[in-house]
Amino acid sequence: MTAGTVPLACRITGDPAGRPTVLLHALGNTGRSWDRLVSELRPRGRRLFVPDLRGHGRSPRAEAYTFELMYRDVLSLLDRHRLGGVDLVGHSMGGHVAWLVAQRHPDRVGRLVIEDTPPPPRDAAAEAELRARSRRPDDRARIISLYQEFRELRRAGELDGAAVRPVIDGLRKADPGWWRRLGEVTAETLVISGGLSSPVPRSLLAEVAGAVPRGRLLAIDAGHYVHRTAPERFCAEVARFLD
């Protein structure tokens, strides 16, 4: 195992000979959040790997929570199961981890689904603007509601509260290299926007999808948790895309 990584708890289900498909959940969720999608994809002959990311669910708590470390955890998981090529589905935090795998190891990702994942700011000016916006009452209210949503998982011992702030801060840190590396993604890519009901601007996700050589945008006006708010539409679109 790579230094600094943690061994992720991972549910494995479906056809052992099927196309490996890895589902990466959002901050404050666990692999169980993908149950509906698992039920949709399993009969289609896929081999599904559904981990809990570090600090979540049954996976170990860690001393640090960064996207770099989460990326290494997932890469270690792929190596442990000898998965040379996979399809990846990621939501929000999990989507950002999926982007890192697809950018750095394009040969290992065939198809990529990114659900309403906010991209990092392009530069210092964009970061300053985002941080200023985060101090507005409506944005602060969204953060507070997130913490409230995570409370039940923390009570159950399935979320390390120490993970929350670093992940949110990590999504707000400028990373111009991330934007440049979008052009290196070779996977056929579906970027799903939560539409006008989501705090992640659809126009921004359209830019992201447009920067990926084989990327396209799909907007479903269902908010940030598209797979939970509009499960039938989400699962049908993802299954169609992965087929």
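**Exercise 1. How many aromatic pairs does a search of the whole structure find?**

Before you start: this is a predicted model, where local features need pLDDT of at least 70, side-chain atom pairs count only at pLDDT 80 or more, and totals for chains, interfaces and linings use all residues. Residues are numbered from 1 along each chain as its sequence is written, and side-chain values use heavy atoms, with hydrogens and water left out.

Solution.
- Step 1: Know the rule. Rings of Phe, Tyr and Trp (its six-membered ring) pair if their centres lie within 6.5 Å; planes under 30 degrees apart are stacked, over 60 edge-to-face, and the rest tilted.
- Step 2: Count. The search turns up three aromatic pairs.
- Step 3: Try one. Trp34 and Phe234 are 6.4 Å apart centre to centre with 25 degrees between the planes, and that makes a stacked pair.
- Step 4: Place it. Trp34 sits in the loop between β2 (19–24) and α1 (35–41) and Phe234 in helix α10 (residues 231–242), so the pair ties together parts 200 residues apart in sequence. Helices here are DSSP runs of H or I, at least four residues, and strands are runs of E, at least two, numbered from the N terminus.
- Step 5: Check burial. Both Trp34 and Phe234 are buried (buried is under 20% relative accessible area, exposed over 50%, partly exposed in between, with a 1.4 Å probe and protein chains only).

**Exercise 2. Work out what kind of pair Trp99 and Trp178 make.**

Solution.
- Step 1: The ring centres of Trp99 and Trp178 are 5.8 Å apart and their planes stand at 85 degrees, so this pair is edge-to-face.
- Step 2: Trp99 belongs to helix α3 and Trp178 to helix α7, 79 residues apart, so to speak a link between distant parts of the chain.
- Step 3: Both Trp99 and Trp178 are buried.
- Step 4: Add Trp179, and you've got one aromatic cluster of Trp99, Trp178 and Trp179.

**Exercise 3. Find which residues of helix α8 (residues 202–211) are buried, and on which side.**

Solution.
- Step 1: Pick out the buried ones: Leu205, Val208 and Ala209.
- Step 2: They cover an arc of only 95 degrees around the axis (taken from the directions from the helix axis to the C-beta atoms), which puts them on the same side of α8.
- Step 3: Recall the helix rule. An α-helix has 3.6 residues a turn, so residues three or four places apart point the same way.
- Step 4: Look at the other side of α8, where Ser203 and Gly210 are exposed.
- Step 5: See what covers the buried residues of α8: the list includes α3, α7 (176–181), β6 (188–193) and β7 (215–219), with contact meaning heavy atoms within 4.5 Å.

**Exercise 4. Hunt for non-glycine residues with a positive phi, such as Ser92 and Asp116.**

Solution.
- Step 1: Ser92 isn't a glycine, yet its phi is about 55 degrees. You'll find Ser92 in the loop between β4 (86–91) and α3 (93–104), and at 9% relative accessibility it counts as buried.
- Step 2: Asp116 has a positive phi too, near 45 degrees. Asp116 lies in the loop between β5 (109–115) and α4 (124–134), and with 0% relative accessibility it's buried.

**Exercise 5. Describe where Gly161 lies and how far it is from Arg61.**

Solution.
- Step 1: Gly161 is in the loop between α5 (137–155) and α6.
- Step 2: Its relative accessible area of 27% makes Gly161 partly exposed.
- Step 3: Gly161 and Arg61 are 100 residues apart in sequence, but 9.8 Å apart in space, C-alpha to C-alpha.
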